[in-house]
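Here's a friendly walk through a structure you haven't met before. Have a look at it first, then read on.

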Amino acid sequence: MSAANFLQLLLSGLTMGALYALTAKGLFVAHLATTRMNFGQGDFLMIGAYISTALLLAKVPVVVVVLVVLVCLAILGWGLERVALRPLDRLKSKAGEYSWVLTTMGVALILQNTATLVWGKSAQYSPPLFSSSRQDVVRILGVGVFVEELIVIAVGFLVVGLFYLFLFKTTAGRAVRVIAFNPDAATLLGIDVKRTISLVFVVAALLAGISGVLAGPIVTVQPHMGLVFTVKALAVAALGGFANPLGVLAGAIIFGIAESFANYFNSSFGDLYPLLIVLGLLIIRPTGLFGEARADVR
Amino acid sequence: MRRSLLRLTAGLAAAFATTTAFAADVKVGVVMGLSGPPAIVDFGESYLQGMKLALKDYMAAGGKHKIEFITYDDEANPQKAVSLVQRLIQNDKVPIVVGTVSSGNVLAFAPILQKAGVPLVAGPSIATNITTQFIDQSPSYIFRCSMVEKFQIDSMLDWGVKTFKKIGLVHSTTGYGNFAAKEIVEGLKARNGNLVATEAVAPNVTDLTPQMLKMKEAGAELILNFHESFELVFRPMSKIGYKPVVAGNWGLSSLKVRDIVGEKEIEGTVMGQALDLSQEGAQKFVARMQSEYGKDFRWPVLAALGYDAAQVVFKALDTAKTLEPEDVRNALEAVDGIKAISATPAKPFGPKDHECLDKEHVFLGVWKNNTVVRLQQ
């Protein structure tokens, strides 16, 4: 393999890795605070991609597009927690321990069907966000990269950094971590646990929305695209470790690059090898690469 | 006496006219892929759009029967397709069935229709063996109005081997993709050619950069694209600085694919075709479809074959001795005088020919100036 091809594959892997990181961060933050996840995280991404595509095609300025997507996804995240998750707490033992899996999957199905009704069943392709055409290429060390891909990588890292600051440097972030440690203790400390949990799902949905806006111009947008992202984000979070935000980022980059190289060497099973790596790793290290070796990593 | 004869004649004429005007309602069973993977849906909806326009024209022209489509969505699922066909036979008691997109689904339910003695006009499925595996049975109930994979691949390979030194293949790992790959490898072998690179790709991949890098390394000048996500091979081309000619499945003629890939990027792409858009009739048809379906119309050749399939079915129903499936089958085989939109001939079928399109009707189309025209060789 030539050095140019090596770099090309590396950049492709980084692009997809950045998208997986954003999606997986949503799973991570929800799991951190509630030990629950949104199994429709990829479908939230899909909704973000569709709204963004529709607005961009209607020639709406990018800044407005991003704002609209974020507002819509925030409402969606809040609604998910209020409608599909919180009622399960009220049911207590009447609802099974894992009933949230079903309710979040149910919301995912509703979103897929809504997207089909609103935007049709066909595949779509979002116009570029920041470049004049889909073919705008910049050259790095002699290797071509789409402007949109560079933006995905840059925004992906930036948002992950901001997320890190949110979690460790803000009061709301600290509240999330206290709830993750012990919800009862958080209540005693005067933290509004219900509101913070709502916030967590809003943040998770916002991360999916950002992924959706970024993914639109580089992948094909269609109502069933979410499942692949959910599965890969789960694999990424498992690879990095559900307890470590930087681990999730590292897991996503490793997964994206592994996928890119695996497809180069054997495209028939290219998507399978990274998943096999994750499975193998979980056998050796069940908490993931950067997880803590304890039963409850919170 | 004369007055009585006149009354009798008038009465008989009135009775005949009444019989004609209120001929039995006929249900035509339609199984179509209308949900599931986007490529399946685009095929299914486009074919059905053509069928519906044909029905509208038939009714407007005072058709002999009041025809109704009983349409079921098989969701690209073979088990569902089989159960829907059984429902059409047993509950709806249709005398004829049309459908569906997925060749695997057609191959799953065709034996059931053959056994039940109910004719099938397959489409828009394209696997080569759909009609051939039944043609020696007497009689065969399996017909088709659609592209035939072998014919489009043969046309492509004849041209490809003559025009390019290095040919590569990108195909999906689905049943369809593997089947096409097998036909291509065999076809090239028969023409003393070979593939410089073959990339089998899973159906749900999002990025083909690694695979296209392999094609570039192998120096493929022509890439045969038999992946259901037709747009994927085009996307990495400009960033890796590689612009081979792409040729493939008739799906590459979809307006939806053009919109996704881009008008400039799809220019020069070659595909199997059965509708010559430089012909006035085809242009009028496209204009009608556009006014009928607006932006939902996206695939001229698919809609044209759907229209022609429905025309053939209606003609068979009009000319059949009775509306019993066996008589409809016989009438189908004898249908003549079709004014087709696609390359379907006036008499599409014969006792040993159950394909609307034969090898000589399939040609290569190419995207040129934002439309698909016949490739000049």
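What follows covers the model itself, a few strands, and the meeting of two chains.

## About the model

This is a predicted model, where local features need pLDDT of at least 70, side-chain atom pairs count only at pLDDT 80 or more, and totals for chains, interfaces and linings use all residues. Residues are numbered from 1 along each chain as its sequence is written, chains are lettered from A and ligands numbered from 1 in the order in which they are written, and side-chain values use heavy atoms, with hydrogens and water left out.

## Strands in chain B

Let's start with β10(B), residues 270-273, which runs parallel to β9(B), residues 245-248, with 2 bridges joining them. (Strands are DSSP runs of E, at least two residues, numbered from the N terminus, and helices are runs of H or I, at least four; two strands pair if DSSP finds at least two bridges between them.) β10(B) also pairs with β11(B), residues 363-368, this time antiparallel and over 4 bridges.

B:Val270 shows up in both pairings: its partner in β9(B) is B:Ala247, and it stands opposite B:Val366 in β11(B).

## Where A meets B

Here, 36 residues of chain B are in contact (heavy atoms within 4.5 Å) with 31 of chain A. In chain B, the most area is lost to chain A by B:Arg235, B:Lys239 and B:Ile260, together 24% of what that side buries; buried area is the accessible area (1.4 Å probe) lost on being put together, summed over both parts.

There are 2 salt bridges between the chains, meaning a Lys or Arg side-chain nitrogen within 4 Å of an Asp or Glu carboxyl oxygen. B:Lys239 makes one with A:Glu149, with 2.7 Å between the closest N and O atoms.

Key. Buried area = accessible area lost by both parts, 1.4 Å probe.
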